[in-house]
Amino acid sequence: MTQVNTTHDCDIAIVGGGLVGASLALALTGLGLSITLIEAVLPEDETQPSFDTRTTALSNGSRRVFEGLGVWDEIAREATAIRKIHISERGRFGSAVIDAAEEGIPAMGFVVENRVIGQALWRRLRHASELTLWAPAEVASATVEDTHSRIVLTDGRVVRARLAVAADGMSSRLRESAGVGAVRSDYGQVAVIAQATPGRFHDHIAYERFAPSGPIAALPIPDGRVGLIWTLTPDDSERVLGLGDAQFLRELQDAFGWRLGQFKTVSARHAYPLALVKAEAAQAPRTAIIGAAAQGMHPIAGQGLNLGLRDAVTLAEVLAESAGADPGSSDLLVRYAEWRRTDRNAIIGFTDGLVRLFGSQLSALRMARGLGLVLFDLSPTAKSAMSRLSQGFAGRLPRLSRGLPLLQRQSARL
Ligand SMILES: Cc1cc2nc3c(=O)[nH]c(=O)nc-3n(C[C@H](O)[C@H](O)[C@H](O)COP(=O)(O)OP(=O)(O)OC[C@H]3O[C@@H](n4cnc5c(N)ncnc54)[C@H](O)[C@@H]3O)c2cc1C
């Protein structure tokens with residue numbers, strides 16, 4: 001790891017080496033650009049906020065991105081394929097199943113612990129010679145000058161980059177320093193995360209269950225366990241987090257039902273307050289905004305990381321296509337933001353709509369969504385559209401998401 005004490009100049013500084021920033025850094029290696037990655041918390045640190053014990057559902061598009069970055073083989077060892085997605089509502093007649101076999105694909109996606117993805121990315125980053133890693137190092141602010149962005153760290157060090165990339169999460173300091181506002185709407189919900197062992201094997205089915213207390217996802221993970229994401233009101237989440245294992249399992253059972261048999265054990269629980277945070281723009285002078293810094297979303301549809309990875313590889317593709325040009329030119333940044341517009345708006349709208357539909361207690365809406373699930377199950381078109389969406393097929397896809405090398409002339413990345 002390189003540590004420099006004076007002002008450091010580079011082509012691109014990525015602020016935030018979480019799942020999305022680290023992926024961008026890897027995608028940019030080999031393009032002849034000098035890259036500096038600045039990350040506040042080391043990947044092996046237990047407090048690393050991006051690489052924690054959450055389990056993430058990766059789309060097939062994201063799998064292809066990780067294959068292109070050369071990290072999929074390592075991730076795959078601890079990934080569980082999703083063969084079916086089962087959507088239901090407790091106490092209602094509707095339910096729907098999306099089956100990978102019916103869609104003609106081997107898997108709808110893969111479930112992996114964030115920690116596994118993060119460590120695979122950083123192991124590779126540490127061997128990339130053209131990359132300067134500053135970690136732990138925290139960015140305090142940035143100012144934009146004519147030819148570069150001047151990034152100041154909390155310890156006083158300075159990085160001058162022709163392009164600064166904000167990959168520092170929902171409360172991005174770089175985004176704020178660049179003068180880009182963000183619309184924030186709190187859902188008044190908290191996601192309680194844990195891993196549990198059910199009595200029945202999950203059989204590679206991802207369950208999305210809408211209970212009166214809030215939606216619960218049970219994602220298949222190794223050893224027959226499931227990764228739980230249980231969305232609750234702040235009061236309920238506080239109460240549930242205070243329960244001992246046995247009482248927690250009883251309440252989980254009551255909300256989830258018996259599709260997975262009787263839950264037997266549960267890990268420690270963690271809480272994530274949920275909000276929609278949408279940056280008003282995906283670019284500003286000498287600044288690109290990606291991942292959760294561009295949009296933080298509700299995990300109900302498992303789209304946040306998948307979308308963030310498409311931000312990263314789209315930006316990498318625009319930069320690769322413009323070899324020799326100023327990487328922070330407004331032309332290039334506008335091209336990036338324009339390309340991302342449709343995908344961002346579609347996924348944010350879809351996810352937000354789902355939260356509001358299933359969060360409603362109005363009986364007509366409850367009826368409609370029960371009916372909707374049945375119709376959805378009967379309609380091949382709706383299922384295929386949802387299936388494509390959950391695989392990461394919304395809008396024009398960047399090359400790495402399609403399983404192609406970043407540049408046409410590259411046959412394979414190392
Ligand atoms: C409960 C839950 C479940 C989810 N499940 C899914 C799922 O199944 N599928 C899916 O696609 N998405 C899912 N998501 C969304 C996904 O986790 C996020 O989209 C993803 O973590 C965003 O990654 P990121 O790298 O953009 O930001 P972050 O993960 O927020 O990482 C930001 C990084 O920047 C660093 N940083 C912050 N400030 C500074 C600073 N000033 N200086 C230097 N470094 C800084 C942080 O230390 C961190 O490493 C889920 C989210 C939640 C909350």
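1. The chain of this predicted model holds 11 helices and 20 strands. Of its 414 residues, 49% are buried, and among contacts between residues at least 6 apart in sequence, 74% join residues at least 24 apart.

2. The ligand is surrounded by 35 residues, of which G16, G18, G169, G291 and G304 come nearest. Two or more residues of this shell are contributed by each of α1 (19–28), β3 (55–59), β12 (182–197) and α8 (304–321), and it is α8 that gives the most, with 4 residues. Sorted by class, the shell around the ligand comprises 17 nonpolar, 13 polar and 5 charged residues.

3. Helix α1, one of the elements that line the ligand, is mostly covered, since 10 of its 10 residues count as buried. Among them are L19, V20, L24 and L28, together with G21 and S23. After α1 comes G30, which has a positive phi, near 90°.

4. The largest nonpolar core has 117 residues, and those with the most contacts inside it are V15, L24, V165 and I290. Helix α8 gives the most to this core, with 9 residues, and α8 is also the element that gives the most to the shell around the ligand. L24, for its part, belongs to the buried residues of α1. As a general background to such an arrangement, nonpolar side chains in soluble globular proteins tend to be buried together.

5. V15 deserves a separate look. Leaving aside residues up to four places away in sequence, V15 touches I38, V139, I151, A164, V165, A166, A167, D168 and L174. Of these partners, V165 is itself listed with V15 among the residues that have the most contacts inside the core, while I38 is part of strand β2 (residues 35–38).

6. Strand β1 (residues 8–15) and β2 pair in the parallel sense over 4 bridges, and within this pairing A13 stands opposite T36 in β2. From β2, I35 and L37 point one way whereas T36 and I38 point the other way, and all of them are buried. In a regular strand, the side chains alternate between the two faces of the sheet.

7. A separate point concerns the open sheet made by 3 strands in the order β3-β7-β4, where the pairing is antiparallel. Its edge strands are β3 and β4 (80–82), each of which pairs on one side only, and neighbouring strands of this sheet are turned by 30° against each other on average, direction ignored. Between β3 and β7 (residues 109–113) there are 5 bridges, and T56 has V112 as its bridge partner in β7. Helix α4 (residues 114–125) lies across β3 and β7, running at about 85° to β7. Strand β3 also gives residues to the shell around the ligand.

8. Where does G179 lie, and is G179 buried or exposed? G179 is found in the loop between α5 (173–177) and β12, and it is exposed because 12 other C-beta atoms lie within 10 Å, the limit for an exposed residue being 12 or fewer. G179 and E280 are 101 residues apart in sequence, yet their C-alpha atoms are 9.9 Å apart in space.

Conventions: Residues numbered from 1 in each chain as written. Predicted model: local features only at pLDDT ≥ 70, side-chain atom pairs only at ≥ 80, totals over all residues. Near = placed C-beta within 6 Å. Nonpolar A, V, L, I, M, F, W, Y, C, P; charged D, E, K, R; others polar. Pairing = 2+ DSSP bridges. Axes fitted to C-alpha atoms, helices over the stretch in contact; angles between N-to-C directions. Contact = placed C-beta atoms within 7 Å. Buried ≥ 20, exposed ≤ 12 C-beta atoms within 10 Å, placed from the backbone. Core = buried A, V, L, I, M, F, W, Y, C linked by C-beta atoms within 7 Å.
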